[in-house]
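Student: I've got a protein to look at and I'm not sure where to begin. Could we go through it together, one question at a time?

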Amino acid sequence: MVGWRMVDRFAGFRYEVKGPHVVQSGFHTAAEKLADELGCFGWIQDSEFRTVVGEARCAKTVADKFKAFLREGHPTSEVESVDIYDYPDTKIKLHFSHFKRLGSDRVTCFPAPPHACPSSSSDPITAAGHSVANSSSWW
């Protein structure tokens, strides 16, 4: 029986999309459009490693459609692989009221993949001088 708990109604996840043309290919625009159509919110951004990273929170009934788009991509994006981490509590770490494209001036990374900070530091707040999204860091 499906209840009224958040985990029964929503899916929250972060992702990293890799491929030769995922950056500057129409991928972001198509992802934003689909997220709006599905009622998902979250964010998308180019990483310093020329991958596309982000988080999304969607109704469970449509989350797989958004994940399928991430795996297939925009026709000009040539997706090679996608890493997805499903949050057990469905809560994304960077919360926006809609699906937002973040600029390169916004540093985002996490203590673990996908989109892990480029450091071996065990301190998730200051790893390599990056701001790190975690459960105690809501920015």
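Tutor: Sure! Keep in mind that this is a predicted model. Ask away.

Student: In what order do the helices and strands of the protein chain run from the N terminus on?

Tutor: Start with the tally: the protein chain has 3 helices and 5 strands. Now walk along from the N terminus and write down each element as it comes. You end up with α-β-α-β-β-α-β-β.

Student: What share of the 139 residues in the protein chain counts as buried?

Tutor: To be called buried, a residue needs a relative accessible area under 20%. Apply that to the 139 residues of the protein chain, and the buried share is 46%.

Student: Let's zoom in on β1. Why is this strand described as largely enclosed by the rest of the structure?

Tutor: Strand β1 covers residues 10-18, which gives 9 residues to check. It is largely enclosed because the number of those 9 residues that are buried is 7.

Student: Which strand pairs with β1 over 8 bridges?

Tutor: Two strands come up here. β4 (residues 81-86) runs antiparallel to β1 and is joined to it by 6 bridges, with Arg14 having Tyr85 as its partner in β4. The other strand is antiparallel to β1 too, and in it Gly54 stands opposite Tyr15. That one, with the 8 bridges, is β3 (residues 52-59).

Student: On to charges. How many residues apart in sequence are the parts tied together by Arg101 and Glu32?

Tutor: The structure has 4 salt bridges, and one of them brings the side chains of Arg101 and Glu32 together at 2.8 Å, N to O. Arg101 sits in strand β5 (residues 99-101) and Glu32 in helix α2 (residues 27-38), so the pair ties together parts whose separation in sequence is 69 residues.

Student: Which residue of that pair counts as buried, at 18% relative accessibility?

Tutor: Use the cut-offs: under 20% is buried, over 50% is exposed, and in between is partly exposed. Arg101 has 40%, so it counts as partly exposed. The buried one, at 18%, is Glu32.

Student: Where do Glu37 and Lys33 both lie?

Tutor: These two form a salt bridge, with the closest N and O atoms 3.6 Å apart. Both are exposed, Glu37 with a relative accessible area of 55% and Lys33 with 54%. They are 4 residues apart, about one turn of the element they share, which is helix α2.

Student: What about Lys67, is it buried or exposed?

Tutor: Lys67 forms a salt bridge with Asp86, their closest N and O atoms being 2.5 Å apart. Lys67 lies in helix α3 (residues 60-72) and Asp86 in strand β4, so this link ties together parts 19 residues apart in sequence. Asp86 has a relative accessible area of 41%, so it is partly exposed. Lys67 has just 10%, which means it is buried.

Student: Now the cysteines. Which residue does a disulfide join to Cys40?

Tutor: A disulfide is a covalent bond between the sulfur atoms of two cysteines. For Cys40, the S to S distance to its partner is 2.1 Å. Cys40 sits in the loop between α2 and β2 (41-46), and the partner is 18 residues away in strand β3. That partner is Cys58.

Student: Why is that disulfide of Cys40 and Cys58 called right-handed?

Tutor: Both cysteines, Cys40 and Cys58, are buried. The handedness follows from the torsion about their S-S bond, so the disulfide is right-handed because that torsion is about 115°.

Student: What pattern do the disulfides of the protein chain follow?

Tutor: There are 2 disulfides in the structure. Besides Cys40 with Cys58, Cys109 and Cys117 form one, with sulfur atoms 2.0 Å apart. That link is right-handed as well, at 85° about the S-S bond, and both Cys109 and Cys117 are buried. Counting the bonded cysteines along the chain gives the pattern 1-2, 3-4.

Student: Last one! How many charged residues are in the lining of the largest pocket?

Tutor: The largest pocket has a volume of about 200 Å³. Its lining has 14 residues, and those nearest the centre are Asp46, Ser47, Glu48, Arg106 and Thr108. Sort the lining by class and you get 5 nonpolar and 6 polar residues, while the number of charged ones is 3.

Notes. Residues numbered from 1 in each chain as written. Predicted model: local features only at pLDDT ≥ 70, side-chain atom pairs only at ≥ 80, totals over all residues. Heavy atoms only, no water. Buried < 20%, exposed > 50% of the residue type's maximum accessible area, 1.4 Å probe, protein only. Pairing = 2+ DSSP bridges. 1 Å grid on protein atoms, 1.4 Å probe; cavity = no way out; pocket = protein on both sides within 12 Å on 5 of 7 lines; lining within 4 Å. Points joined across faces, edges and corners; volume = space filled by probe spheres on them. Nonpolar A, V, L, I, M, F, W, Y, C, P; charged D, E, K, R; others polar. Disulfide = S-S within 2.5 Å.
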